[in-house]
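Welcome! Here is a short, friendly tour of a protein structure you have not met before. Take a look at it, and then we will walk through it topic by topic.

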Amino acid sequence: MNQFCLITGATGGLGKVLARSFWDAGYSLFLHGRKKNTMEDIINSLPQNSHQQLIPIIADLANPQAAQTIWQQVEKYRNRLEILINNAAIHGPIGKFEASASDEWEEAIRVNLLTPVALHI
């Protein structure tokens, strides 16, 4: 197959299941997450396979440059990128709007909307 799948939020519960499913299906993977140690656990849990590649990408999607960081890693294999799964998300503020901090809203909008749109383009 030798096609790639990019999964954001790969270090969370659903992300781990998606990573394993696509790995077992024969895809090479770009796995995105915020935490290096959690990423290492996922990488170590996948069986070794000489026909597949696994490329971790550590980036915080709340950072405005995150999409660019991800695409810089993917660029070399972009013609083989078949699937993009925007799985990363955060809750953001809960409660009355006037009691919420604006930076929490901005972070949630960036992670849940702006970065996925930037990755899709």
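Leaving aside its neighbours within four places in sequence, which residues is tryptophan 23 in contact with? In this predicted model, the partners of tryptophan 23 are Leu29, Leu46, Pro47, Asn49, Gln52, Gln53 and Leu54. The points below start from that residue and move on to other parts of the chain.

**Two buried side chains**

- Tryptophan 23 belongs to helix H1, and with a relative accessibility of 6% it counts as buried.
- One of its contacts is Leu54; the C-alpha atoms of tryptophan 23 and leucine 54 are separated by 8.9 Å, although the two are 31 residues apart along the chain.
- Histidine 32 is found in strand S2, and it is buried too, its relative accessible area being 2%.
- Leaving aside neighbours within four places in sequence, histidine 32 is in contact with a list of residues that includes Ile7, Thr8, Gly9, Ala10 and Thr11. Met39, Ile57, Ala59, Leu61, Ile70 and Ala88 are also among the contacts of histidine 32.

**Helix H2 and its two sides**

- Helix H2 spans residues 36–45, and its buried residues are Thr38, Met39 and Ile42.
- Those buried residues cover an arc of only 100 degrees around the axis, so they sit on the same side of H2.
- Turned away from that buried side is a face of H2 carrying the exposed residues Lys36, Asp41 and Asn44.
- What do the buried residues of H2 pack against? They pack against H1, S2 and S3.
- Met39 links two of our topics: it is one of the buried residues of H2, and it is also in contact with histidine 32.

**Helix H3 and what covers it**

- Helix H3 runs over residues 66–74, with Ala66, Ala67, Ile70, Trp71 and Val74 as its buried residues.
- Viewed down the axis of H3, these fall within an arc of 130 degrees, and therefore they line one face of the helix.
- The cover over the buried residues of H3 includes four strands by name, S1 (4–8), S2 (28–33), S3 (54–58) and S4 (81–86), along with helix H4 (102–120).
- Ile70, one of the buried residues of H3, is among the contacts of histidine 32.

**Salt bridges**

- How many salt bridges does the count come to? The count comes to two.
- One joins arginine 20 and aspartate 24, whose closest N and O atoms are 3.1 Å apart. The two residues are four apart in helix H1 (residues 13–24), so about one helical turn separates them.
- Arginine 20 is partly exposed at 36% relative accessibility, whereas aspartate 24 is exposed, with a relative accessible area of 51%.
- Another joins glutamate 75 and arginine 78, with 3.5 Å between the closest N and O atoms. Glutamate 75 is partly exposed at 46% relative accessibility, and arginine 78 is partly exposed with a relative accessible area of 36%.

**The largest pocket**

- The largest pocket holds about 250 Å³ of space.
- It is lined by 16 residues, and those closest to its centre are Gly9, Thr11, Arg34, Ala88 and Ala89.
- S2 and H4 each supply at least two residues of this lining.
- Sorted by class, the lining has six nonpolar, six polar and four charged residues.
- Gly9, Thr11 and Ala88, named above for the pocket, also appear among the contacts of histidine 32.

Conventions:
Residues numbered from 1 in each chain as written. Predicted model: local features only at pLDDT ≥ 70, side-chain atom pairs only at ≥ 80, totals over all residues. Heavy atoms only, no water. Salt bridge = Lys/Arg side-chain N within 4 Å of Asp/Glu carboxyl O. Buried < 20%, exposed > 50% of the residue type's maximum accessible area, 1.4 Å probe, protein only. Arc of directions from axis to C-beta. Contact = heavy atoms within 4.5 Å. 1 Å grid on protein atoms, 1.4 Å probe; cavity = no way out; pocket = protein on both sides within 12 Å on 5 of 7 lines; lining within 4 Å. Points joined across faces, edges and corners; volume = space filled by probe spheres on them. Nonpolar A, V, L, I, M, F, W, Y, C, P; charged D, E, K, R; others polar.
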